Amino acid sequence: MSAGDAFTPIERHEIDKAIRDAERLSGRDFYVHVGRSTGDSRRTAWSLHRAVARPANSILIHVDPTARTLEVVTGADVRETVDDRHVALAGLSMQTAFEAGDLTRGLLAVIQQLAQLARPVQSLHTDTP
Amino acid sequence: MSTLEGLLIFAGIPLLIVVAITVMVMAPSLARGNQPRSGSNWKAEPEWFGAPRAVGAREAMANRHQIESGPAAGHNPASAGDHDNVVSDDHGVTGARRRGAGATAMGAEQAPVTSSQDDSDSEQTGGASVRW
(Lines give C-alpha, C1' and ligand atoms only; values in the text may rest on other atoms or scores of the structure.)
Protein backbone atom coordinates (compact mmCIF):
# COMPACT_ATOMS: atom_id res chain seq x y z
CA MET A 1 0.00 0.00 0.00
CA SER A 2 1.46 3.33 -0.99
CA ALA A 3 1.47 6.31 1.35
CA GLY A 4 -1.47 7.96 -0.43
CA ASP A 5 -3.80 4.97 -0.30
CA ALA A 6 -6.40 4.54 2.39
CA PHE A 7 -6.96 0.84 1.78
CA THR A 8 -4.91 -2.21 0.91
CA PRO A 9 -5.88 -4.20 -2.20
CA ILE A 10 -7.37 -6.87 0.04
CA GLU A 11 -9.47 -4.30 1.87
CA ARG A 12 -10.67 -2.86 -1.44
CA HIS A 13 -11.63 -6.31 -2.60
CA GLU A 14 -13.57 -6.92 0.62
CA ILE A 15 -15.48 -3.66 0.27
CA ASP A 16 -16.21 -4.27 -3.42
CA LYS A 17 -17.49 -7.73 -2.61
CA ALA A 18 -19.69 -6.39 0.19
CA ILE A 19 -21.16 -3.84 -2.22
CA ARG A 20 -21.87 -6.48 -4.85
CA ASP A 21 -23.50 -8.71 -2.24
CA ALA A 22 -25.56 -5.82 -0.91
CA GLU A 23 -26.74 -4.89 -4.40
CA ARG A 24 -27.67 -8.48 -5.13
CA LEU A 25 -29.57 -8.79 -1.85
CA SER A 26 -31.40 -5.48 -1.93
CA GLY A 27 -31.70 -4.59 -5.61
CA ARG A 28 -30.39 -1.10 -4.80
CA ASP A 29 -27.23 0.59 -6.02
CA PHE A 30 -24.59 1.07 -3.34
CA TYR A 31 -21.79 3.61 -3.46
CA VAL A 32 -19.08 4.29 -0.93
CA HIS A 33 -16.93 7.41 -0.96
CA VAL A 34 -14.09 7.85 1.50
CA GLY A 35 -12.46 11.26 1.51
CA ARG A 36 -12.53 14.80 2.75
CA SER A 37 -15.73 16.78 2.48
CA THR A 38 -15.93 20.09 0.70
CA GLY A 39 -17.45 22.16 3.47
CA ASP A 40 -20.31 20.49 5.28
CA SER A 41 -20.15 16.72 5.06
CA ARG A 42 -23.91 16.28 4.62
CA ARG A 43 -23.98 18.62 1.63
CA THR A 44 -20.96 16.87 0.17
CA ALA A 45 -22.82 13.57 0.50
CA TRP A 46 -25.84 15.06 -1.26
CA SER A 47 -23.61 16.34 -4.05
CA LEU A 48 -22.05 12.92 -4.50
CA HIS A 49 -25.46 11.26 -4.42
CA ARG A 50 -26.82 13.62 -7.08
CA ALA A 51 -24.00 12.61 -9.40
CA VAL A 52 -24.49 8.82 -9.36
CA ALA A 53 -26.22 6.97 -12.16
CA ARG A 54 -29.62 6.34 -10.53
CA PRO A 55 -29.90 8.56 -7.46
CA ALA A 56 -33.46 7.53 -6.59
CA ASN A 57 -32.51 3.87 -6.35
CA SER A 58 -29.13 4.44 -4.70
CA ILE A 59 -27.65 4.38 -1.24
CA LEU A 60 -24.53 6.46 -0.86
CA ILE A 61 -22.18 6.19 2.09
CA HIS A 62 -19.79 9.09 2.50
CA VAL A 63 -17.03 8.74 5.09
CA ASP A 64 -14.98 11.79 5.99
CA PRO A 65 -12.06 10.51 8.09
CA THR A 66 -10.90 14.07 8.76
CA ALA A 67 -14.17 15.23 10.26
CA ARG A 68 -14.87 11.74 11.62
CA THR A 69 -18.32 11.70 10.10
CA LEU A 70 -20.29 9.10 8.23
CA GLU A 71 -23.16 10.22 6.02
CA VAL A 72 -25.70 7.89 4.50
CA VAL A 73 -27.92 9.26 1.73
CA THR A 74 -30.84 7.17 0.53
CA GLY A 75 -32.60 7.95 -2.72
CA ALA A 76 -36.29 8.77 -3.01
CA ASP A 77 -37.28 5.21 -3.94
CA VAL A 78 -35.14 3.71 -1.21
CA ARG A 79 -36.55 6.09 1.35
CA GLU A 80 -40.04 4.73 0.78
CA THR A 81 -39.01 1.43 2.29
CA VAL A 82 -36.05 2.29 4.53
CA ASP A 83 -36.72 4.41 7.58
CA ASP A 84 -34.16 7.10 8.41
CA ARG A 85 -34.02 6.01 12.05
CA HIS A 86 -33.07 2.52 11.01
CA VAL A 87 -30.38 3.97 8.77
CA ALA A 88 -29.04 5.90 11.74
CA LEU A 89 -28.93 2.72 13.80
CA ALA A 90 -27.13 0.94 10.98
CA GLY A 91 -24.64 3.80 10.91
CA LEU A 92 -23.89 3.24 14.57
CA SER A 93 -22.71 -0.28 13.78
CA MET A 94 -19.49 1.13 12.37
CA GLN A 95 -18.59 3.17 15.45
CA THR A 96 -16.49 0.64 17.33
CA ALA A 97 -14.47 -0.30 14.26
CA PHE A 98 -13.99 3.31 13.17
CA GLU A 99 -12.86 4.37 16.62
CA ALA A 100 -10.24 1.62 16.46
CA GLY A 101 -9.12 3.00 13.10
CA ASP A 102 -10.47 0.09 11.10
CA LEU A 103 -12.43 1.78 8.33
CA THR A 104 -12.85 -1.43 6.38
CA ARG A 105 -14.59 -3.38 9.15
CA GLY A 106 -16.81 -0.38 9.87
CA LEU A 107 -17.78 0.01 6.24
CA LEU A 108 -18.50 -3.68 5.86
CA ALA A 109 -20.78 -3.54 8.90
CA VAL A 110 -22.69 -0.53 7.58
CA ILE A 111 -23.06 -1.96 4.07
CA GLN A 112 -24.36 -5.27 5.38
CA GLN A 113 -26.84 -3.61 7.70
CA LEU A 114 -28.13 -1.27 5.01
CA ALA A 115 -28.48 -4.16 2.58
CA GLN A 116 -30.65 -5.97 5.10
CA LEU A 117 -32.77 -2.85 5.60
CA ALA A 118 -33.18 -2.19 1.89
CA ARG A 119 -34.08 -5.78 1.10
CA PRO A 120 -37.51 -6.07 -0.53
CA VAL A 121 -40.19 -7.15 1.90
CA GLN A 122 -41.43 -10.63 1.12
CA SER A 123 -45.17 -10.83 1.36
CA LEU A 124 -46.65 -13.86 3.02
CA HIS A 125 -49.77 -13.48 0.91
CA THR A 126 -49.97 -14.65 -2.65
CA ASP A 127 -52.49 -14.20 -5.41
CA THR A 128 -53.06 -17.90 -5.71
CA PRO A 129 -55.71 -19.36 -3.38
CA MET B 1 19.31 -32.33 31.52
CA SER B 2 21.85 -29.55 31.84
CA THR B 3 21.03 -26.05 33.04
CA LEU B 4 21.38 -24.69 29.52
CA GLU B 5 18.97 -27.25 28.11
CA GLY B 6 16.46 -26.51 30.84
CA LEU B 7 16.73 -22.78 30.20
CA LEU B 8 16.17 -23.30 26.49
CA ILE B 9 13.15 -25.51 27.00
CA PHE B 10 11.42 -23.67 29.84
CA ALA B 11 12.31 -20.08 28.89
CA GLY B 12 13.29 -20.14 25.22
CA ILE B 13 10.27 -21.96 23.84
CA PRO B 14 7.66 -19.86 25.73
CA LEU B 15 9.52 -16.74 24.64
CA LEU B 16 9.40 -17.87 21.02
CA ILE B 17 5.68 -18.51 21.29
CA VAL B 18 5.10 -15.05 22.78
CA VAL B 19 7.12 -13.42 20.00
CA ALA B 20 5.25 -15.38 17.32
CA ILE B 21 1.85 -14.38 18.69
CA THR B 22 2.94 -10.74 18.94
CA VAL B 23 4.11 -10.72 15.32
CA MET B 24 0.86 -12.29 14.13
CA VAL B 25 -1.17 -9.66 15.99
CA MET B 26 0.94 -6.73 14.83
CA ALA B 27 1.42 -7.83 11.22
CA PRO B 28 -1.85 -6.45 9.77
CA SER B 29 -1.35 -3.00 11.23
CA LEU B 30 2.30 -2.98 10.18
CA ALA B 31 1.25 -3.93 6.66
CA ARG B 32 -1.08 -0.96 6.56
CA GLY B 33 1.84 1.37 7.19
CA ASN B 34 1.75 4.62 9.09
CA GLN B 35 -1.26 6.07 7.31
CA PRO B 36 -3.56 7.52 9.96
CA ARG B 37 -6.97 5.89 9.65
CA SER B 38 -8.88 8.99 10.67
CA GLY B 39 -8.48 12.42 12.17
CA SER B 40 -6.89 15.65 11.01
CA ASN B 41 -3.74 13.92 9.75
CA TRP B 42 -5.68 12.04 7.09
CA LYS B 43 -3.86 12.56 3.79
CA ALA B 44 -5.00 9.66 1.62
CA GLU B 45 -6.58 10.21 -1.77
CA PRO B 46 -10.38 10.06 -1.92
CA GLU B 47 -11.66 6.64 -2.90
CA TRP B 48 -14.86 5.51 -4.62
CA PHE B 49 -16.36 2.09 -4.36
CA GLY B 50 -19.22 0.95 -6.53
CA ALA B 51 -17.48 1.46 -9.86
CA PRO B 52 -17.97 1.59 -12.78
CA ARG B 53 -21.25 3.41 -12.26
CA ALA B 54 -19.54 5.83 -9.88
CA VAL B 55 -17.35 7.16 -12.66
CA GLY B 56 -19.81 9.93 -13.32
CA ALA B 57 -19.71 10.95 -9.69
CA ARG B 58 -15.93 10.88 -9.60
CA GLU B 59 -15.77 13.09 -12.66
CA ALA B 60 -18.36 15.37 -11.18
CA MET B 61 -16.38 15.78 -7.98
CA ALA B 62 -13.19 16.44 -9.92
CA ASN B 63 -14.92 19.07 -12.02
CA ARG B 64 -17.18 20.55 -9.38
CA HIS B 65 -15.67 23.98 -9.69
CA GLN B 66 -16.12 23.93 -13.46
CA ILE B 67 -19.67 22.67 -13.69
CA GLU B 68 -21.37 25.16 -11.44
CA SER B 69 -22.41 27.15 -14.47
CA GLY B 70 -24.27 24.22 -15.99
CA PRO B 71 -23.85 22.07 -19.10
CA ALA B 72 -21.94 24.74 -20.97
CA ALA B 73 -19.02 24.26 -18.60
CA GLY B 74 -17.89 21.21 -20.52
CA HIS B 75 -18.93 18.31 -18.32
CA ASN B 76 -20.57 15.36 -20.03
CA PRO B 77 -24.24 15.48 -19.01
CA ALA B 78 -24.68 11.81 -19.81
CA SER B 79 -22.12 10.74 -17.30
CA ALA B 80 -24.29 11.00 -14.22
CA GLY B 81 -27.58 11.53 -12.62
CA ASP B 82 -31.09 12.72 -13.18
CA HIS B 83 -30.36 16.13 -11.73
CA ASP B 84 -28.66 17.94 -14.60
CA ASN B 85 -25.33 16.66 -13.37
CA VAL B 86 -24.76 19.75 -11.27
CA VAL B 87 -22.67 19.38 -8.16
CA SER B 88 -22.90 22.51 -6.11
CA ASP B 89 -19.88 24.11 -4.53
CA ASP B 90 -20.22 24.16 -0.78
CA HIS B 91 -17.94 27.09 -0.13
CA GLY B 92 -20.67 29.65 -0.53
CA VAL B 93 -23.25 27.94 1.62
CA THR B 94 -23.78 29.43 5.04
CA GLY B 95 -25.36 28.15 8.19
CA ALA B 96 -23.53 24.86 8.43
CA ARG B 97 -25.30 22.31 10.54
CA ARG B 98 -23.76 21.53 13.89
CA ARG B 99 -24.02 17.99 15.12
CA GLY B 100 -23.42 16.43 18.48
CA ALA B 101 -22.13 12.95 19.13
CA GLY B 102 -24.18 10.00 18.04
CA ALA B 103 -26.51 9.38 15.16
CA THR B 104 -29.16 11.66 13.76
CA ALA B 105 -31.81 10.67 11.30
CA MET B 106 -31.92 13.32 8.60
CA GLY B 107 -35.44 13.49 7.29
CA ALA B 108 -36.82 16.35 5.28
CA GLU B 109 -38.09 18.11 8.35
CA GLN B 110 -34.82 17.84 10.24
CA ALA B 111 -32.18 19.07 7.83
CA PRO B 112 -31.48 22.78 8.12
CA VAL B 113 -30.45 23.82 4.64
CA THR B 114 -30.07 27.11 2.87
CA SER B 115 -29.79 26.58 -0.86
CA SER B 116 -32.66 25.48 -3.10
CA GLN B 117 -30.68 22.48 -4.31
CA ASP B 118 -30.17 21.35 -0.74
CA ASP B 119 -33.87 21.91 -0.10
CA SER B 120 -34.65 19.60 -2.96
CA ASP B 121 -32.18 17.01 -1.70
CA SER B 122 -33.49 17.07 1.83
CA GLU B 123 -37.04 16.57 0.59
CA GLN B 124 -36.30 13.79 -1.84
CA THR B 125 -33.61 11.86 -0.03
CA GLY B 126 -33.29 10.27 3.36
CA GLY B 127 -30.42 8.95 5.39
CA ALA B 128 -28.50 9.67 8.54
CA SER B 129 -25.42 11.36 9.92
CA VAL B 130 -23.14 9.63 12.41
CA ARG B 131 -20.04 10.93 14.16
CA TRP B 132 -17.38 8.79 15.72
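This report walks through a predicted model of two protein chains, A and B.

## The two chains

Chain A has 129 residues, and 57% of them count as buried. Six helices and three strands make up its regular elements. Along the sequence, chain A reads α-β-α-β-β-α-α-α-α.

Chain B has 132 residues, of which 33% are buried. It contains three helices and three strands. Follow chain B along its sequence and the pattern is α-β-α-β-α-β.

## Helix α1 of chain A

Start with helix α1, residues 9-26 of chain A. This helix has 18 residues. At 1.5 Å a residue, α1(A) should span 26 Å. Its end C-alpha atoms are 26 Å apart, so the expected and modelled spans agree.

Which residues of α1(A) are buried? They are Glu11(A), Ile15(A), Ala18(A), Ile19(A), Ala22(A), Glu23(A) and Ser26(A). These residues cover an arc of only 130° around the axis, so they sit on the same side of α1(A). The face turned away from that buried side carries exposed residues: Pro9(A), Ile10(A) and Arg24(A). Just after the helix comes Gly27(A), with a positive phi of about 75°.

## Strand β1 of chain A

Next comes strand β1 of chain A, residues 29-34. The strand is mostly covered, with six of its six residues buried. In a regular strand, side chains alternate between the two faces of the sheet. In β1(A), Asp29(A), Tyr31(A) and His33(A) point one way. Phe30(A), Val32(A) and Val34(A) point the other way. Both sets are buried.

Take Asp29(A), which lies in this strand. Why does Asp29(A) count as buried? Its relative accessibility is 5%, and buried means under 20%. The side chain of Asp29(A) makes a polar contact with the side chain of Arg54(A), at 3.1 Å.

## Partners of β1(A)

Within chain A, strand β1 pairs with strand β2, residues 58-64. The two strands run parallel and are joined by six bridges. In β2(A), Val63(A) is the bridge partner of Val34(A). How does the chain get from β1(A) to β2(A)? It crosses through helix α2 of chain A, residues 41-50. This β-α-β crossover is right-handed.

Strand β1(A) also pairs with a strand of chain B. That partner is β1(B), residues 47-49. Here the pairing is antiparallel, with three bridges. One residue pair to find is His33(A) and its bridge partner in β1(B), Trp48(B).

## Aromatic pairs between the chains

How many aromatic pairs does the structure hold over all chains? There are three. One of them joins Tyr31(A) and Trp48(B). Their ring centres are 6.3 Å apart, and the planes meet at 90°, an edge-to-face arrangement. This pair crosses between chains, from strand β1 of chain A to strand β1 of chain B. Are Tyr31(A) and Trp48(B) buried or exposed? Both are buried.

Another aromatic pair is formed by Phe98(A) and Trp132(B). This one is edge-to-face too, at 4.6 Å centre to centre and 70° between the planes. It also crosses between chains. Phe98(A) is in helix α5 of chain A, residues 95-99. Trp132(B) is in the segment after β3 (126-131) of chain B. Phe98(A) counts as buried because its relative accessibility is 0%. Trp132(B) has 11% relative accessibility, so it counts as buried as well.

## A polar contact between the chains

Now look at Thr125(B). Where is Thr125(B) found? It is in the loop between α3 (116-124) and β3 of chain B. Thr125(B) is buried, because its relative accessible area is 6% and the cut-off is under 20%.

The side chain of Thr125(B) makes a polar contact with the side chain of Trp46(A). The distance is 3.3 Å.

## Putting it together

Strand β1(A) links several of these features. It pairs in parallel with β2(A) and in the antiparallel sense with β1(B). Its residue Tyr31(A) forms an aromatic pair with Trp48(B), while His33(A) has Trp48(B) as its bridge partner.

Conventions
Residues numbered from 1 in each chain as written. Chains lettered and ligands numbered in written order. Predicted model: local features only at pLDDT ≥ 70, side-chain atom pairs only at ≥ 80, totals over all residues. Heavy atoms only, no water. Buried < 20%, exposed > 50% of the residue type's maximum accessible area, 1.4 Å probe, protein only. Helix = DSSP H or I, 4+ residues; strand = E, 2+ residues; numbered from the N terminus. Pairing = 2+ DSSP bridges. Right-handed = clockwise from strand over helix to strand, strands pointing away. Expected span 1.5 Å × (residues − 1). Arc of directions from axis to C-beta. Phe/Tyr/Trp six-rings, centres within 6.5 Å; stacked < 30°, edge-to-face > 60°. Polar contact = N/O pair within 3.5 Å; in protein donor to acceptor, adjacent residues only side chain to side chain.
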